[in-house]
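Me: I would like to learn how to read the features of a structure such as this one, taking them one at a time. Could we begin with a helix and what packs around it?

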Amino acid sequence: MNQTLEDTIIAISTPAGHGGIGIVRLSGPEALPIARKIFCVKEPEQNIPARTMCFGYLLDDESRETLDAGYLCYFPGPYSYTREEVVEIHLHGSPVLLNEAVRLGIRAGARPAHPGEFTLRAYLNGRIDVIQAEAINDLIRASSLDQARISFKQMEGSLSRKIASAREKIVDLLTLVETSLEFPDEDTEITPEQIRTVLLDLIGDLGRLASSYEQGRALLEGLTVAILGRTNVGKSTLFNALLEEERAIVTPYPGTTRDFIRENIQVDGVLMKLVDMAGFGQASHPVEEEGILRGQKLAEKADGLLVVLDASREESPEDFLLLNKFRNKKKLLVFNKSDLKPAINRQKVLDTCPGVSWVEVSALTGKNLGQLKKMMLETFAPQLEKQEEIILHQRQKVLVDSIKNSLENGLKLLDEGAGEELVAEAIREALPAIGQLTGEIRNQEVLDQIFNRFCIGK
Ligand SMILES: Nc1nc2c(ncn2[C@@H]2O[C@H](COP(=O)(O)OP(=O)(O)OP(=O)(O)O)[C@@H](O)[C@H]2O)c(=O)[nH]1
Ligand SMILES: [Mg+2]
């Protein structure tokens with residue numbers, strides 16, 4: 001990726017397609033002069049107010065043809081997204097016009113931006129670190145509100161501060177150990193016990209951070225929740241009701257659903273991939289049999305199960321078979337068709353799986369579906385502490401693990417009675433990983449990987 005900061009870059013910053021407005025953005029030393037060439041505003045250049053919308057016209061400066069009306073907004077560096085001179089031109093959201101504006105901008109001296117290059121510049125100019133850059137992209141691509149919340153905090157520097165504080169503690173510890181080595185007689189001496197306390201504290205913190213990656217992944221990818229039960233209990237009806245869309249076919253005949261269907265829903269900001277599948281029981285057709293097998297495999301891997309039972313009929317051996325088969329999975333028991341006269345022996349079912357939460361619903365009338373959603377959150381979703389930091393990227397997880405490893409090596413040496421010099425050396429090995437985590441140590445390949453995931457114009 002070209003990283004010359006002398007260039008002025010240009011790109012459309014709004015998504016592809018037609019929209020109410022579309023924004024072309026420029027960043028670099030010539031941003032304002034170039035913008036003024038292609039966009040005509042009343043104010044003379046020296047009077048263009050900062051961060052204020054100025055009405056004007058998109059103009060082909062060669063043919064003198066006016067192409068659109070809109071607004072120009074000038075963000076003088078360093079008070080801009082990239083810390084450089086930045087101009088946004090707001091036009092009508094027409095791809096034809098926006099592309100033309102970019103073409104005119106290039107003719108006037110700008111160069112097309114690479115994906116993520118605006119954010120890359122913000123990083124190269126020291127406004128954000130790599131963790132924050134990753135968070136910006138996460139925020140843009142967030143598929144659930146929870147994920148967006150976490151990414152926003154990280155964009156504002158919460159995770160970076162946590163890493164900085166770990167770094168500070170490590171550096172302080174190293175300084176103490178080194179001073180006590182250099183001046184052994186003075187009262188600067190640090191005891192192995194003190195070193196151990198600091199190390200254990202840091203290792204605990206980093207361990208919690210590393211294990212938050214599992215939650216992070218669940219957030220990014222969503223939780224898979226499989227709807228399972230014998231045929232005709234109302235799985236597809238429940239699936240549709242939770243989806244609020246008539247997605248799966250529902251009929252009064254057992255064996256309606258044969259293949260599985262997966263759709264995303266959001267429950268209070270948490271992304272769940274809901275899967276409807278063939279009902280368990282005697283298959284009436286080889287296709288259904290295959291569907292049942294696939295469903296079982298899926299259910300085994302799911303993050304949670306909704307085991308649906310027909311409360312208007314007596315419990316059947318298949319119900320018990322199912323409950324036993326998925327004994328060790330997180331699940332909820334859903335007694336469906338509660339609008340009809342009950343016939344199931346609920347207690348008998350509950351006795352086979354003590355401790356499992358249950359709810360009586362009617363997928364048909366919608367009764368208790370809100371309650372069911374609440375329970376799905378409580379039972380399946382990782383419980384996020386609001387102030388806790390979550391790692392969303394494998395890159396970050398690998399580096400946090402590596403920092404923790406170095407500290408653990410130091411601790412091991414300390415426990416084996418090795419000299420403080422050796423202990424310090426092991427601890428010092430944590431520093432490069434910290435540098436890579438926040439991007440202080442620049443690795444072109446890693447930067448390319450991170451910023452290539454961005455859209456053009458961000
Ligand atoms: N009264 C009542 N009927 C329901 C309810 N839920 C589903 N049904 C009916 O039960 C029948 C079967 O519903 P489905 O949703 O197709 O059941 P399923 O479990 O997906 O069935 P298979 O795909 O064949 O395994 C349909 O006639 C639904 O209208 C409910 O809560 N109350
Ligand atoms: Mg079905």
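Reply: Let us start with helix H6, whose buried residues are covered by a set of elements that includes H4, helix H5 (145-155), helix H7 (192-221), helix H13 (394-415), helix H14 (420-428) and helix H15 (430-438). Please keep in mind throughout that this is a predicted model.

Me: Which residues of H6 are the buried ones?

Reply: A residue is called buried when its relative accessible area is under 20%. In H6 the buried residues are Ser158, Leu159, Ser160, Ile163, Ala166, Ile170, Leu173, Leu174, Val177 and Ser180.

Me: What span should helix H6 have, and what is the distance between its end C-alpha atoms?

Reply: The expected span is 1.5 Å times one less than the number of residues. For the 25 residues of helix H6 (residues 158-182) this gives 36 Å, and because the end C-alpha atoms are 36 Å apart, the two values agree.

Me: Where is Glu189, and which residues does it contact beyond its neighbours within four places in sequence?

Reply: Glu189 belongs to the loop between H6 and H7, and once the neighbours within four places in sequence are set aside, its contacts are Ser180, Pro184 and Gln194. In space, the C-alpha atoms of Glu189 and Leu176 are 7.6 Å apart, while in sequence the two residues are 13 residues apart.

Me: How is the chain divided into domains?

Reply: The domain assignment gives domain 1 (9-129), domain 2 (139-217 + 393-439) and domain 3 (222-380). Taken over C-alpha atoms, the centres of domain 1 and domain 3 are separated by 52 Å.

Me: Which protein atoms are the donors of the magnesium ion?

Reply: For the magnesium ion (ligand 2), the protein donors are Ser236, through OG, and Thr257, through OG1, lying 2.0 Å from the ion. These two residues link distant parts of the chain, since Ser236 is in helix H8 (residues 235-243) and Thr257 is in the loop between H8 and strand S9 (261-267), 21 residues apart. Ser236 counts as buried because its relative accessibility is 8%, and Thr257 is likewise buried, with a relative accessible area of 12%. Water is not among the atoms, so a site of this kind may look incomplete.

Me: How should I read a pair of aromatic rings, and how many such pairs are there?

Reply: A pair of aromatic rings is described by the distance of the centres and the angle of the planes. A search of the whole structure finds five aromatic pairs. In one of them, Phe55 and Tyr71 have ring centres 5.6 Å apart and planes at 70°, so this pair is edge-to-face. The pair links distant parts of the chain, with Phe55 in strand S4 (residues 53-60) and Tyr71 in strand S5 (residues 65-75), 16 residues apart. Phe55 is partly exposed at a relative accessible area of 42%, and Tyr71 is partly exposed at 38%. By contrast, the rings of Phe451 and Phe454 have centres 5.4 Å apart and planes at 25°, so they are stacked. Phe451 is buried, with a relative accessible area of 0%, and Phe454 is buried at 4%.

Me: Which residues does Asn137 touch, and is Asn137 buried or exposed?

Reply: Asn137, which is found in helix H4 (residues 130-141), touches Arg453 and Phe454, not counting residues up to four places away in sequence. Asn137 counts as buried because its relative accessibility is 5%.

Me: Which charged side chains lie over rings?

Reply: One case is Arg25, which lies over the face of Phe118 at 4.6 Å from the ring centre. Another is Lys325, whose charged end sits over the ring of Phe326, 5.6 Å from its centre.

Me: What should I look for in the backbone itself?

Reply: Peptide bonds and phi angles both deserve attention. A cis peptide bond, with omega about 5°, joins Gly77 and Pro78, and Pro78 is in the loop between S5 and strand S6 (86-93). Asn232 has a positive phi of about 75° although it is not a glycine, and its place is in the loop between strand S8 (223-228) and H8. Asn368 has a positive phi near 65°, in the loop between strand S13 (358-360) and helix H12 (369-380). Asn232 is partly exposed, with a relative accessible area of 23%, and Asn368 is partly exposed at 34%.

Technical notes
Residues numbered from 1 in each chain as written. Chains lettered and ligands numbered in written order. Predicted model: local features only at pLDDT ≥ 70, side-chain atom pairs only at ≥ 80, totals over all residues. Heavy atoms only, no water. Donors = N, O, S within 2.8 Å, 3.2 Å for Na, K, Ca; no water. Buried < 20%, exposed > 50% of the residue type's maximum accessible area, 1.4 Å probe, protein only. Contact = heavy atoms within 4.5 Å. Domains from an automatic or database assignment. Phe/Tyr/Trp six-rings, centres within 6.5 Å; stacked < 30°, edge-to-face > 60°. Lys NZ or Arg CZ within 6 Å of the ring centre and 35° of its normal.
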